[in-house]
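Thanks for coming, everyone. Let me put the structure up, and then I'll walk you through it.

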Amino acid sequence: MSVCLLSGRTRRLLPRVVADIGEAYAAGHRCLLIVPEQFTLQAELELIERLNLPGFFEIEVLSPTRLTQRVFERAGSPQRVRIDTRGKHMVLTCALADLAEELSFYRRSASRAGFVDKLSALIADVKRSALSPNALAAAANATEDEALKAKLTDVARVYAAYEQALAGRFVDGEDVDHAMRERLADSGIAEGARVWVYGFDMLTQQFARTIAALAAQADALTIALVMDDAPAGDAALYAPVRVSVRRCAAMLAEAGIAVEHQRVDAPLEASEPLRHLERALFAYPTRKYSDAPDGLWLHAAATPYAEVQLAAARILAWVRDEGLAWHEIAVQYTAAEPYAGLIGHVFAQYGIPAYVDEKRPAAQHPLVVGLLSALTCATRNYRAEDMLPYLKSGFSGLLPDEVFALERYVIEYGLRGAKWKQPLRRGPEELLVAIEPLRARVAEPLAHLQQQLREARDADGTLTAIWDFLRRIDAFATLQGYHARLIDAELLTEAHH
C-alpha cells in the first residue's frame, strides 16, 4: 500500500481529485473525502455538479470533527468527560493559581486578561506536536537563552499541572484525536475504502498521525496539497507545507507505507495578465509584465471607504459602458470588518443592488431571541429580568407603545412570578384598565407553553410544545412583517438574514 501525494497550484487540484473519485465510484469502490470543516457542503456540491450525479451513497464527505464522531459512533467513545474551551480555561486558571509562587517568567502575566486564552492555545499546539511536559522541560534546560529557558520552564510546569488535573477524569480535544486513532481500525470506517484528503493548507503533526492511521486501513489514500517546488520563483512560500509533508512522509515510512509524489500541472483558466500575476506576484527576481494588463487594475486607496467607492465606480462603469448585468459581478474582500458594512452603505448610495454574504450569530435573530426568552420565562417562573427581553423581542404580540407601557408597570409595581398569571390589582383603576389586557395577551401563550413543557415526557413532547407556542403567537406573520419592513427600507442584506 502506498500513499499518493498530489501537489500543484490553486485551482488545479480539485478537478483531478473529483475525476479520481468519479472513476473509483464508477468502479464500485467506497470513497471517503476528508476536507476542512467549512468545506464539507461545498465539496458535496462540487462532486454532484462535476460528476453529474443526482446524489450518492458510496461517497462520504467528512471533516476531521465528523470523522471523529463517526468513529466513536461505531467503536465507542472515551469514558472520560470531554471538556470544552471554557473547561480548559477553568483548569488552567486553577493551575496558574496553584503555581503562582513557582512561576518566574509569567508570574505577572498570569493574572492579565486574555493570558489564559493564549496559554490554552499554546498547550494545545504542544500536545498536537506530541510533546510531554517532561520533554518540554528538557528542551528548556537544553537552551542557553535564559529568557527562553524561563518561558519554557513555566509552560512545562503549567502543562504538567493541567495534565495531572485531567488524568483519569477528563479529556480535551487533543486527547480525543488520540482516542479516535486508537479506535479507527475497530470502527471499519476506512477499511477497504479509497480515501482522499483535500483542502488543507498543510499537514499538522496531529493530522499527519490521523492520515497514517487512515492509510493503514484504506485500500488507497491520496493527499492533495497546494504546493510548489524549485525552480518556481515563489517556492519559498510553500516551505512550511513542504516541511509538513516531509514530517507526514516520515510517519508513513515508520508504518512501512511509501509516498508517491505526483505534480498536477495545468494552465490557470484565466486571462494572461492574471496568469502572470499568479506566477510573479511573490516570485524573486521580479518579472515585469510586458504588455498592458488588460482586464486587471490595481488601485491604491487611502482608506477602506475610498477603496469601496473605487469599486462602486468601476462596477457602474461595467454595467453602463460594457453591458454587464448586476448578477455577473462579484466583490471579494479580506475581512468582514470593515468592508461588509461599507459595501452595503456605499453601494446603496451608488444605486448598486448587492447582497453581502456574511455569517451572523443565530442568537441575534429576533425570532431566536424571542423564543429563548419565552422558554426562559416559562421555565424560570416569569422573572422580571427574563420577561422584559421577551416583551422587547417583537414576538410578544404587543406594539412598541404597549411594550413601553407594560414595561413601566413591571418596573414600578414589581410584576413577577405567578402574578403574571393573575389579574392585576395594584395601581390606579385607569392604569389597570389599560395594562390588564396587555398582561393577558402576553401571559396566555406563555402559560400554555409552561404547562405543555411540564407535561412533555420526551423530545417530541417538548418540540410539540414549542411549535404550538410559535403558532399561538403567530411568529410566522411577525417574521413576514419584519421582512417586509426591511425590504421597504431597502435593507436587503438584513432582510435576507
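I'll take the sheet, then the cavities, then one helix residue. Keep in mind throughout that this is a predicted model.

Start with the sheet. It has 6 strands, it is open, and the pairing is parallel. Reading across, the order is E3-E2-E6-E7-E1-E8. A quick general reminder: strands of a sheet pair through backbone hydrogen bonds, either parallel or antiparallel.

Which strands stand at the edges? They are E3, residues 59–62, and E8, residues 258–263. Each has a single partner strand, so one side of each is left without a neighbour in the sheet. As for twist, neighbouring strands are turned by 20° against each other on average, with direction ignored.

Now the E3 edge. Its partner is E2, residues 31–34, and 4 bridges join the two in parallel. To find the register, look at isoleucine 34, which stands opposite leucine 62 in E3.

Two helices sit on this part of the sheet. Helix H2, residues 40–51, lies across E2 and E3. Its direction is at about 155° to E3. Helix H3, residues 64–75, also packs on the sheet and touches E2 and E3. For H3, the angle with the direction of E3 is about 115°.

Over to the other end of the strand order. E1 pairs with E8 in the parallel sense, over 6 bridges. Serine 2 stands opposite alanine 258 in E8. E1 also pairs with E7, residues 220–226, again parallel and over 6 bridges. There, glycine 8 faces valine 226 as its opposite number in E7.

Is E1 enclosed or open? Count the buried residues: 6 of the 7 in E1 are buried, so the strand is largely enclosed by the rest of the structure. The cut-off for buried is under 20% relative accessible area.

E1 brings us to the cavities. Rolling a probe the size of a water molecule over the atoms shows where empty space is left. In this model, there are 3 cavities of 30 Å³ or more.

The largest cavity holds about 60 Å³ of space. What lines it? Val3, Leu5, Leu203, Ile223, Val245, Cys248, Ala249, Leu252 and Val259. Two elements give two or more residues to that lining: strand E1, residues 2–8, and helix H10, residues 239–254. H10 gives the most, with 4 residues. By class, the lining has 9 nonpolar residues, no polar and no charged.

The second largest cavity comes to about 50 Å³. Its lining is Leu14, Val17, Val18, Leu33, Phe39, Ala43, Glu46, Leu47 and Tyr198. Helix H1, residues 13–26, supplies at least two of these residues, and so does H2. That is the H2 that lies across E2 and E3. How does this lining divide by class? 8 residues are nonpolar, none are polar and 1 is charged.

Last stop: leucine 367. It lies in helix H14, residues 366–379. Which residues does leucine 367 touch, not counting those up to four places away in sequence? Phe395, Leu470, Ala475 and Leu479. Take phenylalanine 476 too, which is 109 residues from leucine 367 along the chain. The C-alpha atoms of those two are separated by 9.3 Å.

That's my tour. Questions, please.

Definitions and conventions
Residues numbered from 1 in each chain as written. Predicted model: local features only at pLDDT ≥ 70, side-chain atom pairs only at ≥ 80, totals over all residues. Heavy atoms only, no water. Pairing = 2+ DSSP bridges. Axes fitted to C-alpha atoms, helices over the stretch in contact; angles between N-to-C directions. Contact = heavy atoms within 4.5 Å. 1 Å grid on protein atoms, 1.4 Å probe; cavity = no way out; pocket = protein on both sides within 12 Å on 5 of 7 lines; lining within 4 Å. Points joined across faces, edges and corners; volume = space filled by probe spheres on them. Nonpolar A, V, L, I, M, F, W, Y, C, P; charged D, E, K, R; others polar. Buried < 20%, exposed > 50% of the residue type's maximum accessible area, 1.4 Å probe, protein only.
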